[in-house]
Amino acid sequence: MSDGVGLSVGATDLTAVVVGRTAVTRSPVVTLYPHRPPEVGVPSENPNLNERGLIITDFVDRVGDPIGIVAADGSTHLADKVLADALRAMLYTVGRPSGDPVAITYPAHWRPAAVDALRTALAAVPEFQQPTSAPLISDAAAALTALQDDPGVPTRGVIALCDFGGTGTSITLVDAANGFAPMGPTVRHTDFSGDLIDQALLTHVIDDLSAAGTIDLSGTSAIGSLTRLRAQCRVAKERLSTAAVTSLVAELPGHRSDVRLTRNELDEAIRAPLADFVGVVQETVERNGIPTANLVAVASVGGGARIPIITTTLSEHFRVPVITTGQPELTAAIGGGLKAARGTVEEGMTSMAAAPGAVAAAAAATAMAPGVDPQDAPASSTFGALAWSDADDVPDVAPTDPYDYASPADGGGFVDNARPQMQFDHEQDAHYDEAPLPWYRRPAIVLVAGVLAVLAALTAAVLFVMRDDSSPAPASTTAPVTATTTPAPTTTAAAPAPAAPPEQTQAPQTRTVTRQAPPPPATQEAPPAPPPTSEAPPPPPPTPEPTPEPTPEPSTPPPWSPTAPYPTIPGLPWVPAPQAPAQP
């Protein structure tokens, strides 16, 4: 199966991942050359930046703007075309083999006009049209794909996806039971971002230095010093994501000292904006009409997801698991690569899919192209990021996986286990009960129905047997009527046959009565009679019993006709009457 390549667009980082093999992160800085393809990144990240060129920055947030960016030489460049060139350079940075599928993710808060502009710009790049057109995917959808693969997410309920970026945080609510479809537009919160955290930490350091002694920040010479100190605050923030304490060197006009920072100081610096962000998430959930009980998890991606206080605050407020990966800054790119690879498999009409754990495999294979000596380059974004931006002391080529996902008890993990281990139980969906069985499938109903069916069958069998055994009953019940209405010749004619069985003796009486009186209704059933005996029936009593409703009978019986109908009794052979000739 082909390896999928995912390219992720961010305001402060461009990321490329080959699923299961390598990953590269670059700053969104493009250098244009008149005689060779453009290069992306800064000199500390990209060793190919060995000559001067035309540098273009701040183009990610201007994608879709019809007004071009003015470069240093006075030329104008559309932001969407510059971004397409940067993504092409990222594709060659990871050494994309020919034929591997590619997917590109864009920020979920982008407007449709920006997405259409980027799609048009990518259509002009041949590398993004072969073997098929590279799809554009929201980074929220791509991140959820990666989280489903590893470590896993709930399959029912509402999930709040929080993407902590360098210029803001995005909030997307998705319905897990509906294919993780968004339940509303993505909310962008710009008051909580990596840049603002860097600024808050810088303010904290300056306040401490001001309390310790006099520093002069009014001159223009302090601008460069403050810029370098802010970069060191960013590095310190990233280190405090995994360490409890760190230090930095503050070089200001007339002052130089080592500053010690702890994680508690970082937590205090961001506690207020973090509380405001949690309130925005709560407001977003309520505005979409979602009960709090339906929120089953919070998924955190982006570099800010590494900061421990963010994870613990979200978990304590919403009382749900906080799901993330070992390298949350790569989640969107990994999800894009997985979608690209699975799209190729589906086109091949096979049932194969990306192997589980591909996210961890991609993290284990994470590496970047060789770079210049970090000591000779200014602090800037590099691959090994700990939060929104990257540390300058991380080696360009990682010899081993810097992030081991095993617990400290197993010999892995970070040195001080600074980041709390948040594990999600896949069987925790307590807010949702199993659908009740239909009434006709419940065990008690099925058992009662079976018993009733058996009783009905037994009843039918008993009635059938009793009906066959009591077939002579009509003759005995109609005997009194025969005695009162049948003329003497009929009774006298039945006397010469005493040796006949009881059935043959009683059957003619039944036929005689039936010819002279209408038969009873079909729905009327006679009560069961005692079984017949072999003895001859007793002679009729001399005095006939009165009948409740005597039926008028003709004075003389009608003449017998060969065509007269003869009723038949089930289970008995047909026997001709004594007075009538035998039937041919």
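Biologist: How do α6 and α7 lie relative to each other?
Modeller: This is a predicted model, in which local features need pLDDT of at least 70, side-chain atom pairs count only at pLDDT 80 or more, and totals for chains, interfaces and linings use all residues. Residues are numbered from 1 along each chain as its sequence is written, and side-chain values use heavy atoms, without hydrogens and water. The axes (lines fitted to C-alpha atoms over the stretch in contact, with angles from 0 to 180 degrees between N-to-C directions) of helix α6 (residues 263-287) and helix α7 (residues 308-318) come within 9 Å and cross at roughly 40°. Angles under 35 degrees count as roughly parallel, over 145 as roughly antiparallel, 65 to 115 as roughly perpendicular and the rest as oblique, so α6 and α7 are oblique.

Biologist: Happy with that! Which strands stand at the edges of the open sheet?
Modeller: Strands are DSSP runs of E, at least two residues, and helices runs of H or I, at least four, numbered from the N terminus. The order is β5-β4-β6 with antiparallel pairing, where pairing takes at least two DSSP bridges. Two strands have a single partner each, so one side of each is left without a neighbour in the sheet: β5 (39-40) and β6 (54-56).

Biologist: And which residue of β5 is the bridge partner of Val-30?
Modeller: Strand β4 (residues 30-32) and β5 pair over two bridges, in the antiparallel sense. In β5, the partner of Val-30 is Val-40.

Biologist: Which element has the lowest mean pLDDT?
Modeller: pLDDT is the predictor's confidence in each residue, from 0 to 100, and the chain mean is 73. Strand β11 (residues 158-164) has the highest mean of the elements, 97. The lowest, 39, belongs to helix α13 (residues 488-494).
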